[in-house]
Amino acid sequence: MASVHESLYFNPMMTNGVVHANVFGIKDWVTPYKTALLVLISEMGRDGPYLSLLERRSLNRLLLLLLQGPDMTLSRLIKSIEECCSQLASLVQIRIKLMATGELKDMEQFFDDLSEAFSRPEPDVHKTSVVGLFLRQMILAYNKLSFSQVYKLYTALQQYYQEDLKKSGGEEAEMELAPGEGLGAKVEKEDFDGPLREEEMSCSGPLSQKQAEYFLSQQASLLKNDETKALSPASLQKELNSLLKFNPDFAEAHYLSYLNSLRVQDVFSSTHSLLHYFDRLILTGAESKSNGDEGYGRSLRYAALNLAALHCRFGHYQQAELALREAIRIAQESNDHVCLQHCLSWLYILEQKKSDSCVLLEHSVKKAVHFGLPYLASLGIQSLVQQRAFAGKTASKLMDALKDSDLLHWKHSLSELIDISIAQKTAIWRLYGRSTMALQQAQMLLSMNSLEAVNVGVQQNNTESFAVVLCHLAELHAEQGYFAASSEILKHLKERFPPNSQHAQLWMLCDQKIQFDRAVNDGKYHVADSLVAGITALNSTEGIYRKAVVLKAQNQMSEAHRLLQKLLIHCQKTKITETVIRVLLSMAKLHLRSLCHTTALPVLLQALALSQEYHLQHLASETILNLAFSQLMLGIPEQALSILHLAIEPILAHGTVLDKGAAMFLMAKCQVASAASYAPQKKAEALESAILNLNEAKTYFANVDCKEQLRDVLYLQARLFHSLGKAQERNQCAMLFRQLNQELPVCEVPLINAFK
């Protein structure tokens, strides 16, 4: 879509080098590419009886795409024809070569022959068919050309052929006039139902109205479903500017420009394009059936609503509220209940930033159902489920609510919301510590085929739902010690969601967190500290928490406690319960690490009460482990063992590998401490059982490369083997302990805490 140049393209709307305001006033004009399409149609008519049914069907499908799509190079056109019928591709190329290398009269004779195609008793093409209409438009446009314009068309056709000849390195020059020779070999198949490559989508000439509409719809569909296959932001904006240069009132182009600006978070350009879109919508009278409900007022209220959504997206909540109030006022004046429902949904989002607005949301869902708006109703239910998950409702009630939402999705074939619902279930199961269920839901979404009929061969798999699920999947694999699989998932995420895409921040944060956990487990605290800045840039709360974890690991207790105290106050104000519990656990671990076990107990009991109230099983289990450890260190191992049995089953079923190792290590230590008062035979049995648990813990810690915990396990195992008189096993454990002890810094606390 380069700038229109009169010497090459022949727009009848152009006079004296000036383009009229409405470039798309004429349906089509003649270009070298369209001349090549006419040659293809002509050859199909001649060779029709000799084509097989499969070839004819493939050519018809291809022809529809070629008629709608933008102009392309001759080599790509020939390749596309060749994949359907190599013999026909050879004939088309030879015919174009004869016209381009011949004289002007050859092209004139070709168009005269086309005109006679409709005058036959049984024409090859029906006048009212898609191909017939295209032929008639081209013949009419050609007949309106002056002699000088016809000559310019002929010159452009020669240039079109010569440019392709240069690009192909002279391969076409080897072709002789014999049909079928030189094009026998098949090129690698390209997906012509899929989007064109960037250099192929950028046209060398102006677009007709149909081509422009097809281009805009194609790019809008790609931006929604598969952003990676769309043109890059800079290239797309260049094409849109070219369109708007010759038709400033093309409203749809302004809207696509708005979507393109959102990709790069350009608030000024996106606002500018959005306002221009609605201005042009009103000026062109696209929706002005009357001055009433369907007239200018409708555009004005939806303009205000979209402006509110735009400001909300960029975090300008005050401006969003003002725009939303304006939209509500206009919608109430026009009695537009549908617009009011959309406003109510956005009002809930704005109120959510200030306080819980459950009443607004419930009212919104009821009204959406009443007015028959399943999409809004379902989104409302999804938001309600999310809010109640954070409020501590049981998983069974949430899944019942999502089941009702799923009925709406399947009834109305809302493919996008089906994906969102499954991603929501994955996140809820993960929040509640049910990793097996979360894994099942994630696999279900990844195995599903989209119900939405997406054009240009796009599979709807690059949406936010898939990004969320893949991130959960990467974290779940990393938690189980499958770092190679986790890296493959992240690599796949980076390919599907490049760094400049709108959902890239999801995998960026996920990647940083996994790297951080691996560095901490491996004792590389300097590496973990370097990752904190990246995590903070993506999520400030998570970044502060991770900084405190590093400080604790580096024995900077007072600084870590100060950060955690500050974070605790912030999370209690914002009601982020999960982070509150994690912070309380970290504060308790600071006390345990400082050998202040009695002061850690109230903090642990507070964390346990919150995790049980909000049904956060993984956090409850981790809290119980720390409680058991504190009781062990206070000299009551029997009590520690009894409460440890409450957590061991959910940890082994759904916990991370690190938690499993910590649980088995703690159980072994409790067994050793309890066996001190046993009879010799019973004590030996207890120590043997403890060694088995230590072997299991050692396997878990080895999976996640936790060298500090491995060192502690080996130390305890060596002591136990020594007590049982097993010198060979003792010496082996002692040797491994010595190797790890030389790699790691000396620990200041005996029997160190085996938890994260």
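Helices H27 and H29 are roughly parallel to each other, the term being applied to angles under 35 degrees, with over 145 counted as roughly antiparallel, 65 to 115 as roughly perpendicular and the rest as oblique. The angle between helix H27 (residues 577-593) and helix H29 (residues 617-633) is about 15°, and their axes lie 11 Å apart. Axes are lines fitted to C-alpha atoms, for helices over the stretch in contact, and angles run from 0 to 180 degrees between N-to-C directions. The structure is a predicted model, in which local features need pLDDT of at least 70 and side-chain atom pairs count only at pLDDT 80 or more, whereas totals for chains, interfaces and linings use all residues. Residues are numbered from 1 along each chain as its sequence is written, and side-chain values use heavy atoms, with hydrogens and water left out.

The crossing of H27 and H29 is left-handed, meaning that the near helix is turned anticlockwise from the far one by less than a right angle, a clockwise turn being right-handed. On the H27 side, the contact (heavy atoms within 4.5 Å) involves Glu578, Ile581, Arg582, Leu585, Lys589 and Leu592. These residues meet His618, Leu619, Glu622, Thr623, Asn626, Phe629 and Ser630 of H29. By class, the contact of H27 with H29 comprises five nonpolar, four polar and four charged residues. In this scheme Ala, Val, Leu, Ile, Met, Phe, Trp, Tyr, Cys and Pro count as nonpolar, Asp, Glu, Lys and Arg as charged, and the others, Gly among them, as polar.

For the protein as a whole, 34 helices and two strands are assigned; helices (H or I, at least four residues) and strands (E, at least two) are DSSP runs, numbered from the N terminus. Of the 756 residues in the protein, 50% are buried, where buried denotes under 20% relative accessible area, exposed over 50%, and partly exposed in between (1.4 Å probe, protein chains only). Among contacts between residues at least 6 apart in sequence, 65% join residues at least 24 apart.

A second helix pair is formed by helix H10 (residues 233-246) and H11, whose axes come within 10 Å and cross at roughly 160°. H10 is therefore roughly antiparallel to H11. The crossing of H10 and H11 is left-handed. From H10, the contact draws on Pro233, Leu236, Gln237, Leu240 and Leu244, and from H11 on Ala253, His254, Leu256, Ser257, Asn260, Ser261 and Arg263. The contact of H10 with H11 divides into six nonpolar, five polar and one charged residues. Ser257 belongs to helix H11 (residues 251-263) and is buried, at 4% relative accessibility. When residues up to four places away in sequence are not counted, Ser257 touches Gln237, Leu240 and Ser273.

Burial was also examined at Ala690, a residue of helix H32 (residues 680-703). Ala690 has a relative accessible area of 0% and is buried. Its contacts, leaving aside neighbours within four places in sequence, are Ala668, Gln671, Val672 and Leu720. Ala690 and Gln671 are separated by 19 residues in sequence and by 6.1 Å in space, C-alpha to C-alpha.

A search of the whole structure yields 25 salt bridges, each defined by a side-chain nitrogen of Lys or Arg within 4 Å of a carboxyl oxygen of Asp or Glu. One of these joins the side chains of Arg301 and Asp336, at 2.7 Å from N to O. This pair links distant parts of the chain, 35 residues apart: Arg301 is in helix H13 (residues 296-313), and Asp336 is in the loop between helix H14 (317-334) and helix H15 (337-352). Arg301 and Asp336 are both buried.

Another salt bridge, between Glu475 and Arg430, has its closest N and O atoms 2.7 Å apart. Glu475 in helix H21 (residues 464-479) and Arg430 in helix H19 (residues 415-431) are 45 residues apart, and the pair links distant parts of the chain. Both Glu475 and Arg430 are buried. Salt bridges with shared partners join Arg430, Glu475, Glu479 and Lys513 into one network.

Within helix H14, the side chains of Arg329 and Glu333 form a salt bridge at 2.8 Å, N to O. The two residues are four apart in H14, about one turn of the helix. Arg329 is partly exposed, with a relative accessible area of 38%, whereas Glu333 is exposed, with a relative accessible area of 60%.
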